[in-house]
Amino acid sequence: MINTVDKTSFRRLFFALTLPDTLQQNMVQWRADNFPPQAGRPIAAANLHLTLAFLGEVSHAKAQVLQQQAGRISQPGFNVTLDDIGHWPGSGVVWLGCKNPPRGLLQLAQLLRSQAARSGCYQAPLPFHPHVTLFRGAIRPVAIPARTTNEIFPVNSFSLYESVFARGRTRYKIVQSWPLAAREEKEI
Ligand code: 2AM
């Protein structure tokens, strides 16, 4: 089999949670119903995700180490409730998030971020604030809806993504996914 990975190149990578297709579609519809078109640049449905750890431009060798470490993570799945919303004018991001992020989500992100830092991937010193970016380029005040979608989705896996920019568009491509363990009975 021909290996198509160019081992000399760097790729822009990040670990993230994938949102179910129906949730992506619901969020796009809800966004269209609740924000004016001039709010910012809407993120395409297929690109809606929740970042766990941003890695930056990563070599093939470093990605392999990070993928091996990710494969050794063993923790149960969890549910994420998107019941919070906000606007960071500095970065121009309008987001959906969690008022009380589940412990499993914080643990998973913490582990991936510390493994990334140990491999030399710069990690911003800001505390991890789990969120799904809805708009970018939102640098002017935005009227934020009083209520969110309040969607709950089950998380049973996490993925390494590559950010690919081609023909004027950014696309997020899954490189590899790993399952989380079955949940403990009381958490189901
Ligand atoms: P954001 O949605 O809050 O911008 C891919 O770019 C993902 O990595 C995005 O979800 C982005 O978060 C996140 N990310 C975190 N730090 C980043 C950085 N320094 N540059 C680009 N993306 C970053």
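The surroundings of the ligand in a predicted model are described below.

The ligand sits in the largest pocket. The shell around the ligand consists of Arg-12, Phe-14, His-49, Thr-51, Phe-54, His-131, Thr-133, Arg-136 and Tyr-172. By class, these shell residues comprise 3 nonpolar, 4 polar and 2 charged. Three strands each contribute at least two residues to the shell, namely strand 1 (10-18), strand 3 (49-59) and strand 7 (131-136).

Polar contacts to oxygen atoms of the ligand were computed for several side chains of the shell. For Thr-133, a polar side-chain atom is placed 2.4 Å from a ligand oxygen atom. For His-131, the separation between a side-chain N or O atom and an oxygen atom of the ligand is 2.5 Å. For Arg-136, a polar atom of the side chain is found 2.6 Å from an oxygen atom of the ligand. On its own the ligand has 470 Å² of accessible area, of which the protein covers 64%.

Two of the residues around the ligand, His-49 and His-131, carry the feature "active site" in UniProt, where the entry is unreviewed. The annotated positions span 83 residues in sequence, but their C-alpha atoms are no more than 8.3 Å apart, so they gather at one spot. Both His-49 and His-131 belong to the lining of the largest pocket, which is also the pocket that holds the ligand. His-49 is located in strand 3, one of the strands that supply at least two shell residues.

Methods: Residues numbered from 1 in each chain as written. Predicted model: local features only at pLDDT ≥ 70, side-chain atom pairs only at ≥ 80, totals over all residues. Heavy atoms only, no water. Near = heavy atom within 4 Å. Polar contact = N/O pair within 3.5 Å; in protein donor to acceptor, adjacent residues only side chain to side chain. Areas by Shrake-Rupley, 256 points an atom, 1.4 Å probe, with all protein chains shown as cover. 1 Å grid on protein atoms, 1.4 Å probe; cavity = no way out; pocket = protein on both sides within 12 Å on 5 of 7 lines; lining within 4 Å. Sits in = over half its atoms within 2 Å of the grid points. Helix = DSSP H or I, 4+ residues; strand = E, 2+ residues; numbered from the N terminus. Nonpolar A, V, L, I, M, F, W, Y, C, P; charged D, E, K, R; others polar. UniProt positions renumbered as here; feature names shortened; annotations may be inferred.
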